[in-house]
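User: I have a model open and want to learn how to read its features. Please take me through them one at a time.
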Amino acid sequence: MSNLSFVGKSRKRKDGPDKVTGKAVYSQDVKLPGTLTGRILRSPHAHARILRIDTSRAKALPGVKCVITVDDTKGIKHGFVETPRYPPDQEVFARDKVVHIGQEIAAVAAINDMVAAEAVGLIEVEYEILPALFRPLASMKPGAVEIQPTHPKVDEPYTNIAGKTETEWGDVEQGFAEAHLVRTDRFESHLRTHGYLEPHVTLAHWENDKLNVWTSSMGTFVKRSKLAKVLDLPFSSVRIHKTYTGGTFGGKIDLYTHEYAASRLSMLTNRPVRIVASREEIFSAYRHGQPLTVELKTGVDRNGVLVAQQIKIINNAGAHRGSGVVVIFLCWGFTMAPYRIPNFKYEGYSVYTNYTTRAPQRGHGCPQVRFAIESQMDMIAEELGIDPVTIRMNNARDPEEDLPNSDNVHQAGLKDCLRLAAEKTDFLRNYGQTRKAADLAGSKRRGWGIGLSSYFTGSLIYPNGSGVMVKMNDDGSAVVLTGALDVGQGAETVISQIVAEELSLEMEDIKLVTSDTDTTPQDIGAWISGMTYVTGNASREAAGNAREKLLEVAAEQMNTPKSDLRLQDKMVISISNPDNRLSYRQVIAASVATHRGDTIIGEGFWRTMRDEPMHPSLATTKGRWSENYAFSVQVAEVEVDIETGEARLIKALTVHDCGFPVNPGLVKGQVDGQVSMALGHAFMEEVVTRNGSTLNTNWLDYRMPTIHNMAISEDADVITEQYKVGQPYRTKEVGEGLVSAILAAMANAVYDATGVRLHSTPFTPAKILSGLQKLEQKKAG
Amino acid sequence: MILYDFEHERPGSLQDVAARLAELGPTAGILAGGTDLLPNMRLKIRTPATLVSLGAIAAQPPGTDTDGWLRIDALTRLSEIENSDTVRAACPMFARSAHVVGSNQIRQAGTLGGNLCQEIRCLYLNQEHDFQFVAPCYKRGGDCCYPYPKNEKDFCASVFMSDIAPALIALGSDIELVGANASRRMAVEDFYTGVGMTPTVLRADELVGAVMVPPPPPNSGWGYHKSTIRGGLEFAMVVVAARVALGEDGETCADARIVIGAVSEGPSRARGAESALVGAAPTPEAIAAAASAAVAECRFLPHHNFSVEYLKQNAEVYLRRILSEAFGRAKTGPGKGGQDQ
Ligand SMILES: Cc1cc2nc3c(=O)[nH]c(=O)nc-3n(C[C@H](O)[C@H](O)[C@H](O)COP(=O)(O)OP(=O)(O)OC[C@H]3O[C@@H](n4cnc5c(N)ncnc54)[C@H](O)[C@@H]3O)c2cc1C
Ligand code: SF4
């Protein structure tokens, strides 16, 4: 990696100055004259038949410009997943019945917020209330009230099954029979939400037969395809403009009804329409993450080596399919990737309940399954008298192993991560000390815990690939056209670094035009953990393509072969005769003069798993999933007050194999962000609900960590692979997988500090204290 | 955004405010820092037709009355209280309790009067009420209570969460209420009713003028703790406050005031626990017994997803800890060791 100037360096963020000075444009900052306020009428019931909707009073209110319901739509359905097995299942407004509190029933456009609010209040809806179900086990029961029909391919007698994933290999029964030790444990997770600070905002303007949209998103091309579809418009009539996004974490992918409503209302009124979701609406009617129940049966030999594992996941999936049928697929992947499991059986059920539809949330099931598996791994280790590092070492995958789905882990650095994490934290010296010590003073106890995880780096889902164009300007600077969206992760910076490297340009020479569906090439978006890999390599190809063109023209002009040329400071220089040189400006002018006006435009395209026709089967897991697997090991040091049960993360160490780190500073930002999110997951955050209604609908009562709660977060990488200009970057995922192992590590550390084994998140003081009291009683009795 | 029309006035003196309040009756709302009232208006928890702002009136700086009591104007911003040398020297617990409120931004805007008169909190109430919990509950003038559907009419079992009130009560402070025609003074303790619907005795034509804190008794010490999950920018799970004094022997407890806040409709004094302590030596056993007695005699409601069982456990531990701190400080001399913010 010796000759690299930009890539592999912690370059300053391209978007930094605009964001810090407040110049960055978010959807709320886009102002158009004559904009109407849109507002949505939502269901007060978790499950009810709609008998009648009367919008006449709302329509008659002065200042109201338009009111729409499902009858004003074309009835075209959409879904997070749209495949033959899982066809679109959601309409933008409720038709005939509502299935969750907050479901959209109608929308109004009015001259201001006050009139819009009044108009919504004037819409009359008559309901017949139906019994509602909130617990998946109750909802699955044969004969339970039907929220949505059970998937036709699920032949068990359950109701309300949105989908099922199942797979197996080897013979688990045989494996359990041969195992030295078999454990069965059950782990539960709770409802959390993304906590993006920018609320959902959409501004839509229908003008000259074209719909212009500015919306908070994670990928403008996905938004366009879904919006165009439900509006029944050609893609060319819908333009999603670039705006920055103030946080997403999974909560802004897919189509949302407010986006449809703003668009449709604009089309009907010929005026711009803006809809802003209130924080209360986001907490009570929008999509949250997925609470999973994990039943885990594991058999091991004397050395703790896995012999057989059986896992059953039940997802409380909310009222539509949403990403619920994806999470039950992903949980399989997060289970099989890090450890070798010779005999395996997996079943995942996604069960409809009368909660809001679910979205992906950073980690998308990984924290929940790793919490279960890594907790149980420690329990097994203890029973066998093996330490937590050795048992993991005995099961962790080696480099170049094939996975059961015929993916390959390539340069998997999992064991390197384990070794380094144990060494850096002096893990085996610290672990177990608190519990061994007699008569410790005070009420504070320290504990150490470890966990590991693996995450995929991009898979195939619409739009499947990214394109990038690099336009050379006459003076040798460049404009990069990319559909990539900077949601805070640093996409614009990383793409600029790659282009700067390939073309020997300064970062300042590069300007980006991004994520505008009309002017930039298609992009996979910032949501499938593949942007640096896919769009990054498309950028490399595009810049490389421009470089090749520059070199060709320069070779002609300088009378020397291409192999004799190198690039430096916007000059093409002959290696054999450094005085023979041309500036980019001269080369580009020569290109225009001698190559039929070619000003030099480079194109590049990338797609993961080029030869795979499509994504793997969500139902059977067959087919390839990803070509790059990231690995990580995380260690948590926690402190527990044994009198109050209050616990906090003191220090986290993240050791990761994230492949080639294009920008180590941004990698560190991802690490710290995920540690902070995970400690919120562990100790603070919970969406509290009652009968499908959210009780804590604000930032005070939904407690996300503040800067004061942040633990010391250290990180280290292993095996950062060799890189030469002109070769694909084997970058790996680093933006969401790291919320996982650390969660398990915190649970294991609480155990290490107190002896209390946690089987559910969050790790509240009440749970820890009651665990401590049970231990006391056990000791006494 | 507040989605209804209202009037806004800015009288120039407390007397004028009181006079306007008398004229307008219950349709008026007093606007101080607005950090409690304005969010509540946005959520339509309160819908005053006229806001009578205190914005045109300057707060008097903290000072000492002729009787030696410290006087703090109700309009004083919490940030001034936490940073005031006078307050920190005379009653560090008061400064401490102001310091733990909300966040710096909230304390820069929020006032003492507003803090003491803040609305009670309840997850069902602190909502938008657009499509869930739409029917107004008793507190909003309606006819139901969501968490306690079987409660009798107009019984609101919500929580009063001022962080400062328990400290002031533990310090034995008084409050001054200014009316159009007369003012009245009472113990802060008596200002609170313990009734969710009407948590204070403030009348519609009155406002809080000031708070007066007495000089500490000799050999006294204090302890204060606000339990939260994230340690800041958060209302309390439990607040415990205590002020104790030792007798001349420096060994026996001569006086104790113990207050638990944020767990029921108003701050509660644990009088039983207090009197058990007085006359005894504050041994760890005596302190533990007092903490457990205090928890047993005070009213706890489940709130903000905390169970009564856990709230009691948490309160008991921290009562024990703050009582030990208070006696520790009492031993090192009056008001000493208190500036540990
Ligand atoms: C994010 C956030 C966090 C918060 N955290 C905390 C916390 O941790 N602890 C806490 O105790 N509070 C907290 N609060 C509540 C509130 O901000 C504070 O209590 C603050 O001190 C209120 O003062 P104010 O001047 O802003 O009150 P205002 O909002 O102006 O008034 C509150 C109420 O008191 C009345 N009032 C105001 N002044 C007087 C007066 N002089 N006489 C009579 N009535 C009066 C008003 O009419 C209104 O009913 C928080 C609020 C927010 C928004
Ligand atoms: S406890 Fe009080 S505020 Fe809460 S719902 Fe009942 S009446 Fe309303």
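User: Start with helix packing. What handedness does the crossing of H9(A) and H10(A) have?

Analyst: Two packed helices are described by the angle between their axes and the distance between those axes. Handedness comes on top of that. In this predicted model, H9(A) passes H10(A) in a right-handed crossing. Helix H9 covers residues 324–336 of chain A, and helix H10 covers residues 366–384 of chain A. Their axes come within 9 Å and cross at roughly 45°. H9(A) is therefore oblique to H10(A).

User: At what angle do the axes of helix H6 and helix H7 of chain A cross?

Analyst: Roughly 50°. Helix H6 spans residues 220–231 of chain A, helix H7 residues 257–269 of chain A, and the axes come within 10 Å. An angle from 65 to 115 degrees would count as roughly perpendicular, and one under 35 as roughly parallel. This pair falls in neither class, so H6(A) is oblique to H7(A). The crossing of H6(A) and H7(A) is right-handed.

User: Now the backbone. Which residues does a cis peptide bond join, with omega about 0°?

Analyst: Look at omega for each peptide bond. A:Tyr462 and A:Pro463 are joined by a cis bond with omega about 0°. A:Pro463 sits in the loop between strand E16 (444–456) and strand E17 (465–472) of chain A. A cis bond also joins A:Thr761 and A:Pro762, with omega about -10°. The loop that holds A:Pro762 runs between helix H19 (741–754) and helix H20 (765–780) of chain A.

User: And phi? Where is B:His129 placed?

Analyst: Check the sign of phi, and check whether the residue is glycine. B:His129 is a residue other than glycine, yet its phi is positive, near 60°. B:His129 lies in the loop between helix H7 (112–116) and helix H8 (164–170) of chain B.

User: Next, empty space. How many cavities of 30 Å³ or more does a search of the whole structure find?

Analyst: The search finds 10. Read the volume, then the lining. The largest cavity has a volume of about 150 Å³. Its lining has 18 residues, with A:Gln90, A:His100, A:Glu104, A:Thr257 and A:Arg287 nearest the centre. By class, the lining of the largest cavity holds seven nonpolar, seven polar and four charged residues.

User: What is the volume of the second largest pocket?

Analyst: About 1300 Å³. The second largest pocket is lined by 44 residues; B:His225, B:Lys226, B:Thr228, B:Arg230 and B:Gly231 are the closest to its centre. Elements of chain A that give two or more residues to this lining are strand E24 (629–641), strand E25 (647–657) and helix H18 (664–683). From chain B come helix H5 (92–99), strand E9 (220–227) and helix H12 (308–332). The lining of the second largest pocket divides into 19 nonpolar, 11 polar and 14 charged residues.

User: Last, a ligand. Which residues surround ligand 2?

Analyst: List the shell, then sort it by class. Around ligand 2 are B:Cys122, B:Leu125, B:Cys137, B:Tyr138, B:Lys139, B:Cys145, B:Tyr146, B:Pro147, B:Cys156, B:Ala157 and B:Ser158. The shell around ligand 2 divides into nine nonpolar residues, one polar and one charged.

Key: Residues numbered from 1 in each chain as written. Chains lettered and ligands numbered in written order. Predicted model: local features only at pLDDT ≥ 70, side-chain atom pairs only at ≥ 80, totals over all residues. Heavy atoms only, no water. Near = heavy atom within 4 Å. Nonpolar A, V, L, I, M, F, W, Y, C, P; charged D, E, K, R; others polar. 1 Å grid on protein atoms, 1.4 Å probe; cavity = no way out; pocket = protein on both sides within 12 Å on 5 of 7 lines; lining within 4 Å. Points joined across faces, edges and corners; volume = space filled by probe spheres on them. Helix = DSSP H or I, 4+ residues; strand = E, 2+ residues; numbered from the N terminus. Axes fitted to C-alpha atoms, helices over the stretch in contact; angles between N-to-C directions. Parallel < 35°, antiparallel > 145°, perpendicular 65-115°, else oblique. Left-handed = near helix turned anticlockwise from the far one by under 90°.
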